[in-house]
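Student: I am new to this structure and would like a close look at a single part of it. Please take me through one pocket, and then through one pair of packed helices.

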Amino acid sequence: MEVALLPLPTSLRAKLFAAGHFTTTTLLFLTPLELAREAQLSNEEALSVLKLVPRSSSSSSSDGIISASSALDGAKTAWDLLEYEKNRKKIVTSCAELDMILEGGFCPKEVTEICGVPGVGKTQLGMQLAINVQIPVKLGGVGGHAIYIDTEGSFMLERALQMTKASIDELVLASSLSSPMDDDLIQQLDIDTYLSHIYLVRVHDPTEQLAVINNLPNLLKEHNQVKLIVIDSITFNFRQDFEDMAGRTRLLAEMGQKLAKIAEEHDLAIVLTNQVTMKPSNNEISRIVPALGESWSHACTNRVMMYWIDTQRYAHVVKSPSLQAATAAYDIDECGICSAKNKSNNKSNNNENKSNNKRLKLDEEAAAADSNNNPAHFC
Amino acid sequence: MPKLIELGLPSLTPEVYSILASQGIISVEDFMLSADISKLEAWGSGTLKEVVAEILHYLECQRVGLKSGLRGVQDMQAMGIQYLPTGCESLDAILEGGLREGTLTELVGASATGKTQLCMHVAASVAYKCRALVAYIDTCHSFSSIRVAHMVGTLMKTSEGHQGGVAADELGKVLKGILKFSAFDIYSALSILHELHASIGNNFQAPEEFRHLRLLIVDSASSLISPILGGNQIQGHALMVSMGAILRKLAIENHLAVLITNHTVGGEFGQPKPALGESWKRIPDVRLLLTHDPSSNACEVAVIKHSSIACNKQASFCITKRGLQSAEAEL
């Protein structure tokens, strides 16, 4: 293997080249001290270089057994994965139809993107998930904590409180029907506990956003209970003040890889929200497509598009390796995300909804950037 | 280049080696580049002369000889180069049987056009029909074993009726023959590829009959490369080229069928074209362009580059709950 293929900073690489080390074979037999002297590195640098050199490339071929530190150790057979995938718990959305098209909810280890026009309920769904991830294991939930990275300033604490209350009330009602609650469970089903397990991070510019994402592994070491990371939205900071579009694509692709890695290594679900943009097509009918371009659309595992038809909200699975393309209707009420109500049954509500929706539609026309701190984000 | 001492030549004793080292000759490269071998011979004793001659002879033997076309064909037949079925009849038909061993096939398509579905289907089909080990390098956690299990189940049903218990056994065996690696940056992907290359022929943890690795899938290759490509740095370009090189090496030297995926970028007149640019273009032997029609749920595959068959052929398949079905089979 060539030295150029090792993940080294440019300065170190240049020093190794200057000392005549172009392939890793010449590094194999050196001690850190020798290398440090030869290439004029510090001892620590030399050690870190030698740690990167694949040892097994020469030894494994002779003894026939793949050595312990081999990169091939990460392999899993599809059979092992099947066992895992069958037993994993998903984060429910509180809307039965939505859970059905997602086959149970949002999956751990996967990056899911929610796209939609402003006001359709992306932030609401993000907040709902941050609450639902905390449903105790005893009640069939995931029982984890959530990190909420807020880039638009749209996380409303009052709203979170309201939704938490509703969610806990529902859980208490459901569990008290089946069996008496023990103290443990009562303690878990507490509004303060719930809210203290949502770790809120507010970022203001793309640099901050990248820094927070780079620092996530450290944050997760401290809070190893975290089972969900919501980033609302991934787009906001990257849609303004960017002149180098190729550079933006690169940064985004790198960020996507990092998120995928975090999701896999820490066994947690990552949910991103994304804005939408108009794309002119050949036959002059513009389509609404997710923002950030074509390259970014490969970064996430699943993609759910949320949209309006008249006064009804719908979610559609656009992209997924395992789910069918399917659509579900959902609503948002004071309790959070819920199943679509049959409009004919409650006509009195209907009119009210309509007027709310009108207001929201007006909001849509305002630019996405204005959506900051707008409490009218839910009905 | 390896060090001289690694060649394991009997006459290269530590004493001789230290003499050579004192002249600054440590690796084979140093030896070949040193202009004054004759001076060295004259300077040293008789034994040194023999050593130099032996090293030169050794290096001569390493040279690759010429091969006639006839010999090449014979070698190919002896190796039994085969086409690995993709499991999708319409696609197999235009590819004359499937993915050819020893070639690198690239699937190009926009997001949600069925690239990953096709990759998983090929993995299921090759593991089931060819009883071969499949290495699957997943870079965006899009490998779904439940989906693969469905696909294997469908393949088993269409080929012959297995009994319940046997089918479960068989499913387990086939799924154990698919080995998934996760790589989230190009460095880890490169080290996996290099180690695969070094350890082929070794025992993988797989059922007995699946020991032979015949297919390597990288889904998606472009998401590894796109973060490092472009800008002022040339390092990213170097990494991309060496990624292409090791993939080709695995295909040619180990007779693997290699399947990779690539995304599209907007080209001239808004027409989508494969990403990663001109210098990646020469890496794959076969390029297939996937497009998806949302109204009919049909995926079109077009051959846009092929080293041995005519291009511009098209096939289509549908992605259904049970797997991939070619359009003809549906009718």
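Tutor: What follows describes the second largest pocket and then a helix crossing in chain A. The model is a predicted one.

The second largest pocket has a volume of about 540 Å³. Its lining is made up of 22 residues, and those nearest its centre are Ser295(A), His263(B), Val265(B), Ala275(B) and Leu276(B). Four elements give two or more residues to this lining: from chain A, helix H12 (245-266) and helix H13 (293-296), and from chain B, strand E9 (272-274) and helix H13 (277-281). H12(A) gives the most, with 5 residues. Sorted by class, the lining of the pocket has 8 nonpolar, 7 polar and 7 charged residues.

Now to the helix pair. Two packed helices are described by the angle between their axes and by the distance between those axes. In chain A, helix H7 (residues 122-132) and helix H8 (residues 157-178) have axes that come within 10 Å and cross at roughly 50°. That angle makes H7(A) oblique to H8(A). The crossing of the two helices, H7(A) and H8(A), is right-handed. On the side of H7(A), the contact is made by Gln124(A), Met127(A), Gln128(A), Ile131(A) and Asn132(A). H8(A) contributes Arg159(A), Ala160(A), Met163(A), Thr164(A) and Ser167(A) to the contact. By class, 4 nonpolar, 5 polar and 1 charged residues make up this contact of H7(A) with H8(A).

Key. Residues numbered from 1 in each chain as written. Chains lettered and ligands numbered in written order. Predicted model: local features only at pLDDT ≥ 70, side-chain atom pairs only at ≥ 80, totals over all residues. Heavy atoms only, no water. Axes fitted to C-alpha atoms, helices over the stretch in contact; angles between N-to-C directions. Parallel < 35°, antiparallel > 145°, perpendicular 65-115°, else oblique. Left-handed = near helix turned anticlockwise from the far one by under 90°. Contact = heavy atoms within 4.5 Å. Nonpolar A, V, L, I, M, F, W, Y, C, P; charged D, E, K, R; others polar. 1 Å grid on protein atoms, 1.4 Å probe; cavity = no way out; pocket = protein on both sides within 12 Å on 5 of 7 lines; lining within 4 Å. Points joined across faces, edges and corners; volume = space filled by probe spheres on them.
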